[in-house]
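Below are some notes for a colleague who has not yet looked at this structure. They are set out as numbered points and can be read alongside the sequence and the model.

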Amino acid sequence: MKRVAVVVTARPSYSRIRSALLSLRGMVDLRVIAAASALTWRHGRVVDVMRADGLDIAAEVPAV
């Protein structure tokens, strides 16, 4: 099985790629990495939305 890693850094990034990620979920070994403002409350904490959509988050990389 192919492995695909995707880095999501912000809500707009996730919005653009959401349907592709949900489609790939069962076809490949999908690794989602959440980083930067995708993890902050100020910017909507999109990592929680990704989990609600059924995606497993492989790693969380906070902004430095």
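1. Arg-45 is a convenient place to begin. The model is a predicted one, and in it Arg-45 has a relative accessible area of 17%. Buried means under 20%, so at 17% Arg-45 counts as buried. The residue belongs to the loop between E2 and H2.

2. What does the side chain of Arg-45 meet through a polar atom? A polar atom of that side chain lies 2.8 Å from the backbone oxygen of Leu-39. Leu-39 also appears among the contacts of Arg-45 once neighbours within four places in sequence are left aside. The others on that list are Arg-11, Ala-38, Thr-40, Arg-51 and Glu-60.

3. The charged end of Arg-45 should be looked at next to Trp-41. That charged end sits over the ring of Trp-41, at 5.4 Å from the ring centre. As for pairs between aromatic rings, the count comes to 0.

4. The backbone of Arg-45 deserves a check as well. Its phi is positive, about 40 degrees, although Arg-45 is not a glycine. Ala-36, likewise not a glycine, has a positive phi of about 55 degrees. Ala-36 is placed in the loop between E2 and H2, and Arg-45 is placed in that loop too. The relative accessibility of Ala-36 is 27%; partly exposed covers values between 20% and 50%, so Ala-36 counts as partly exposed.

5. On the strands: E1 (residues 3-8) and E2 (residues 29-35) run parallel and are joined by 6 bridges. Val-7 has Ile-33 in E2 as its bridge partner. E1 and E2, together with H1, make a right-handed β-α-β unit.

6. E2 is also joined to E3 (residues 57-61), by 4 bridges, and these two strands run parallel. Two facing positions can be located by eye: Val-32 stands opposite Ile-57 in E3, and Ala-35 stands opposite Val-61 in E3. Between E2 and E3 the chain passes through helix H2 (residues 46-52), and this β-α-β crossover is right-handed.

7. Leu-24 lies in helix H1, which covers residues 11-24. Is this residue buried, partly exposed or exposed? Its relative accessible area is 26%. That value falls between the limits of 20% and 50%, so Leu-24 is partly exposed. Leu-24 and Ala-34 are 10 residues apart in sequence, and their C-alpha atoms are 17 Å apart in space.

8. Lys-2 is found in the segment before E1. Its relative accessibility is 65%; exposed means over 50%, so Lys-2 counts as exposed. Not counting residues up to four places away in sequence, Lys-2 touches Val-28 and Asp-29. Lys-2 and Arg-31 are 29 residues apart along the chain, with 11 Å between their C-alpha atoms.

9. Ala-5 is part of strand E1. How should a relative accessible area of 57% be classed for this residue? The limit for exposed is over 50%, so Ala-5 is exposed. Ala-5 and Val-64 are separated by 59 residues in sequence and by 22 Å in space, C-alpha to C-alpha.

Note on methods
Residues are numbered from 1 along each chain as its sequence is written. This is a predicted model: local features need pLDDT of at least 70, side-chain atom pairs count only at pLDDT 80 or more; totals for chains, interfaces and linings use all residues. Side-chain values use heavy atoms; hydrogens and water are left out. Buried means under 20% relative accessible area, exposed over 50%, partly exposed in between (1.4 Å probe, protein chains only). Two strands pair if DSSP finds at least two bridges between them. A crossover is right-handed if, with the strands pointing away from the viewer, the path from the first strand over the helix to the second runs clockwise. A polar contact is a pair of N or O atoms within 3.5 Å; within protein, one must be able to donate a hydrogen and the other to accept it, and residues adjacent in sequence count only if both atoms are side-chain atoms. Contact means heavy atoms within 4.5 Å. Rings of Phe, Tyr and Trp (its six-membered ring) pair if their centres lie within 6.5 Å; planes under 30 degrees apart count as stacked, over 60 as edge-to-face and the rest as tilted. A charge sits over a ring if NZ of Lys or CZ of Arg is within 6 Å of the ring centre and within 35 degrees of the ring normal.
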